[in-house]
Amino acid sequence: MYDLSGRSVLITGASRGIGRALAQALAEEGANTALLARSGDEVHALALNLKKKFGVDAIGRACDVTDAGRVAAMIDETASRFGGLDLVICNAGILGAKTTLAEYDPQAWAHAMDVNVNGCFYPAHFAMKRMKIRGKGGRILFVSSSVGRNVRAGWGAYSISKYAVEGLSQLLAEEGPLLGITSFCVNPGGTATAMRAAAFPQEDPATLPTPDSIAGAFLRILRKNDKELNGQTFDAADYL
Ligand code: NDP
């Protein structure tokens, strides 16, 4: 079983929702966490709270995942501060427009693809370089979606970007093992967050799993060994 205690973990999109819950769950397991989001104040305050509550090390930094240079700097800072990098969770994402391909504004399309696809490629890319230098391997977890496996009308760039994320994970799973790197996807499934409320405004959030319970499912998946994870795509709902 993979022990999360003492691991060095970087999480994108940790200011709210699933990313924030993952940060708390991992810190409770004893992991040191680097928390990134555009809302620097939010992740900074969360990092202070995790340090105090769980006695781990944590940093919270403003970082837009579409800024490759900033992401590279965050990977370097995390690895230097925590003495390496064991796990990167590419979680940050946006819903984009919920409209048909015919109606989708090209600029809005490009932005959603930039955040959801490049915003996963950059952390994975720079983490791989770091993990290669360290020579101890590592893990990259991509947060996916059911519409990244089966298209649904009106989900536009979000759906196509999640197909790309699933592909990125599979490609990395082919290339990573030579470096001891494991890559896999987790689809959280419907979770009571701001993104879900924007996607389904009529839905009662009380009918959905909370981010905390989904984070618990992620931990159960993360405890698997590398061979069980590499190249796989999981549904959190199967681990609740
Ligand atoms: P939220 O909208 O609640 O949170 C999204 C997070 O991403 C925030 O922390 C936000 O922080 C961050 N973020 C957005 N854009 C950027 C950016 N450019 N740079 C850095 N950080 C950014 O979403 P969820 O928690 O619901 O979603 C988390 C992941 O789970 C996403 O990848 C989503 O696609 C996936 N997912 C969610 C489902 C659900 O039902 N909730 C279902 C299936 C998949 P900030 O605004 O401060 O930058």
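**Briefing: helix α3, cysteines and aromatic pairs**

At 7% relative accessibility, Y104 counts as buried, because the limit for buried is under 20%. This is a predicted model. The points below cover the ring partner of Y104, other aromatic residues, the cysteines and helix α3.

**Aromatic residues**

- The whole structure holds six aromatic pairs.
- Y104 and W109 form an edge-to-face pair, because their planes stand at 85° and the cut-off for edge-to-face is over 60. Their ring centres are 5.1 Å apart.
- W109 has a relative accessible area of 25%, so this residue is partly exposed. Y104, in contrast, is buried.
- F121 and Y122 make a tilted pair. The centres are 5.9 Å apart, and the planes meet at 55°.
- F121 is partly exposed at 35% relative accessibility. Y122 is buried, with a relative accessible area of 17%.
- One aromatic cluster is made up of W155, Y158 and F200.

**Cysteines**

- A search of the whole structure turns up zero disulfides.
- For C120, the nearest cysteine sulfur belongs to C90 and is 4.7 Å away. That pair is not a disulfide, because the sulfur atoms would have to lie within 2.5 Å.
- C120 counts as buried, at 2% relative accessibility.
- C185 is in no disulfide either. The nearest cysteine sulfur to that of C185 is the one in C120, 8.5 Å away.
- C185 is buried too, with a relative accessible area of 1%.

**Helix α3**

- Helix α3 runs over residues 68–82, which makes 15 residues. At 1.5 Å a residue, the helix should span 21 Å. Its end C-alpha atoms are 21 Å apart, so the model agrees with the expected span.
- The buried residues of α3 are V71, A72, M74, I75, T78, A79 and F82. These residues lie on the same side of α3, because they cover an arc of only 160° around the axis.
- What do the buried residues of α3 pack against? Their partners are the strands β1 (8–12), β2 (32–37), β3 (58–62) and β4 (87–90), along with helix α4 (106–134).
- D67 caps the N-terminal end of α3. A side-chain oxygen of D67 lies 3.2 Å from the backbone nitrogen of G69.
- G83 comes just after α3 and takes a positive phi of about 75°.

Terms used:
Residues numbered from 1 in each chain as written. Predicted model: local features only at pLDDT ≥ 70, side-chain atom pairs only at ≥ 80, totals over all residues. Heavy atoms only, no water. Helix = DSSP H or I, 4+ residues; strand = E, 2+ residues; numbered from the N terminus. Expected span 1.5 Å × (residues − 1). Buried < 20%, exposed > 50% of the residue type's maximum accessible area, 1.4 Å probe, protein only. Arc of directions from axis to C-beta. Contact = heavy atoms within 4.5 Å. Polar contact = N/O pair within 3.5 Å; in protein donor to acceptor, adjacent residues only side chain to side chain. Phe/Tyr/Trp six-rings, centres within 6.5 Å; stacked < 30°, edge-to-face > 60°.
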